[in-house]
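Student: I should like a close look at one part of this model, followed by an account of how other parts of the chain are arranged. Please keep the answer connected.

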Amino acid sequence: MSLAASKSPKNIVVIGGGIQGTSVAFALAERDLKVTVLEAVRPASAASGKGGGFMARSWGDGGPTEGLHHVAFDLYETLAPSLGCTSYRKLPVLSVSPGKSPLDSATKKRHGNMLPSWLDGNLGRVSVMGSGDDTAQITPSEFVEKMLEKHADRIHVVKGTCTGVTCTEQNQVSSVEYSDENNKACTLTADTVIVSAGPWSCAAEDWFDGALKLPMEGVKSTSIVWKKPESIETVDATALFCGEDRRFGTHLEVYPRPNGEIYICGIGGSDYISTEELKQGAFRNECNAKNARVKAAVASFQEMSSTYRQNGELERQQACMRPCPPDAMPYMGVVPGYSGAYINAGHNCWGIAWAPACGQAIAELILDGESKCVDLSPFDPARFTPAAQRGERGRKRQGTSVGEQW
């Protein structure tokens, strides 16, 4: 049972305004609580504004993340329409191998309406990965925007970068310290804090005086977005997971969106950012695409699509990071030895797909003492922390280490 569950929180601060942090704030607001979201740049400024937004209900079956896949997929199906999200839809998925010739008539006949008209270039083997029953998409930035709009009276966004969490001598959270746009030191009163700042959440190692270790790697990857060609009326809705294209060093994931854009990731050439670099805020404010990888992605996709080879035009090129703990599992739960302190971070490539489930699970943990919708035990934030260290470091008073061992 969480240490904060014995009393109703009055001052809740979520650190991080991406889809994960906003989902936590939304789930708490759904239960009539007011929440402050502390965001360093702007809501959905990082991966939540640049991610693909693909989800698959059954792709985690049999593993510890199965519940996250199932609960989140079902929540999106009801939440997205109720919030007025126009970018949500179910769609089929094909596996496509790179090749050197157009599809033959037998392949076209076999896959029928699943083959999009824009997939008209040189290809290899094509097979079905999902019929659209349990695969779907959403543009994550829209979902963040709509959640904040729905509870504009309960969710207050403050711009600033968290610099620490202050606790009482009894290790009860009392405030969140942050630096504002002008680098001025500021304070938010808080009895409950949820650290949900994507890869930068590893900074919480230092905020709680060594009570836990949060090893994290930031995987910085490039993505591109195509405009809808004027030569076609509709961009057919079929997602592609492509095999390794050794000609260009890519393994593209291709997601057409309802607005006619096509989003592409899986471009290769990712950079790996260390925990220490992330603690210093690496790529939080600026994260740019690699030009060489953009060229590779364009070339690989245009091999598969004559339509985009002849009439394609890029809308934008960009890069963002996904947070990856050593075991590729999220950190979700309480900070050991502290009251009112929680972690919800490190969701790897599925952070967008799992967001509604994670928000609900953390809200239940805070308000009910345990998560009822998802088993959080595999995601213990202290799983990489030596047992002797958990919550047994010196306490902090007003951000200063006191030094006693308890």
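In the hairpin of β10 and β11, which residue takes a positive phi, and how many residues are between the strands?

Tutor: The model is a predicted one. The residue is N183, with a positive phi near 65 degrees, and the hairpin of β10 and β11 has 5 residues between the strands. The two strands of this hairpin, β10 and β11 (residues 185-189), pair in the antiparallel sense over 5 bridges. One pairing can be named: Y178 has C186 in β11 as its bridge partner.

Strand β10 (residues 173-179) also has a partner on the preceding side of the chain. Strand β9 (residues 161-167) is joined to β10 by 6 bridges, and the two run antiparallel. Within this pairing, T166 stands opposite S175 in β10. β9 and β10 likewise form a hairpin, with 5 residues between them, and N171 in that turn has a positive phi of about 65 degrees. Strand β10 thus pairs with β9 and with β11. As for exposure, β10 is mostly covered, with 5 of its 7 residues buried. In general terms, the side chains of a regular strand alternate between the two faces of the sheet.

Positive phi values also occur in loops elsewhere in the chain. D32, in the loop between α1 and β2 (35-39), is a residue other than glycine with phi near 70 degrees. A44, found in the loop between β2 and α2, has phi near 60 degrees and is likewise not a glycine. Their surroundings can be compared through accessibility. D32 counts as exposed because its relative accessibility is 57%, and the cut-off for exposed is over 50%. A44 counts as buried because its relative accessibility is 10%, and the cut-off for buried is under 20%.

Another loop residue deserves mention. L115 lies between α4 (105-111) and β6 (123-130), and with 15% relative accessibility it therefore counts as buried. Leaving aside residues up to four places away in sequence, L115 touches L94, L103, T107, K108 and V126. T192 is 77 residues from L115 along the chain, and the C-alpha atoms of L115 and T192 are separated by 50 Å.

The helices complete this account. Two packed helices are described by the angle between their axes and the distance between the axes. The axes of α3 and α10 come within 7 Å and cross at roughly 90 degrees, which means that α3 is roughly perpendicular to α10. The residues of this contact divide into 13 nonpolar, 2 polar and no charged. On the α3 side they are L68, H69, V71, A72, L75, Y76 and L79, and these meet I352, A353, W354, A355, P356, A357, C358 and Q360 in α10.

Helix α5 (residues 140-150) has P140, E142, F143, V144, K146, M147 and L148 as its buried residues. These pack against several elements, among them α3 (66-83) and α10 (351-368), as well as β8 (155-159).

Helix α8 (residues 291-304) has 14 residues, and from its first C-alpha to its last it reaches 20 Å, close to the 20 Å expected at 1.5 Å a residue. Its buried residues include R293, A296, A297, S300, F301 and M304. In an α-helix there are 3.6 residues a turn, so residues three or four places apart point the same way.

How values were computed: Residues numbered from 1 in each chain as written. Predicted model: local features only at pLDDT ≥ 70, side-chain atom pairs only at ≥ 80, totals over all residues. Heavy atoms only, no water. Helix = DSSP H or I, 4+ residues; strand = E, 2+ residues; numbered from the N terminus. Expected span 1.5 Å × (residues − 1). Buried < 20%, exposed > 50% of the residue type's maximum accessible area, 1.4 Å probe, protein only. Contact = heavy atoms within 4.5 Å. Axes fitted to C-alpha atoms, helices over the stretch in contact; angles between N-to-C directions. Parallel < 35°, antiparallel > 145°, perpendicular 65-115°, else oblique. Nonpolar A, V, L, I, M, F, W, Y, C, P; charged D, E, K, R; others polar. Pairing = 2+ DSSP bridges.
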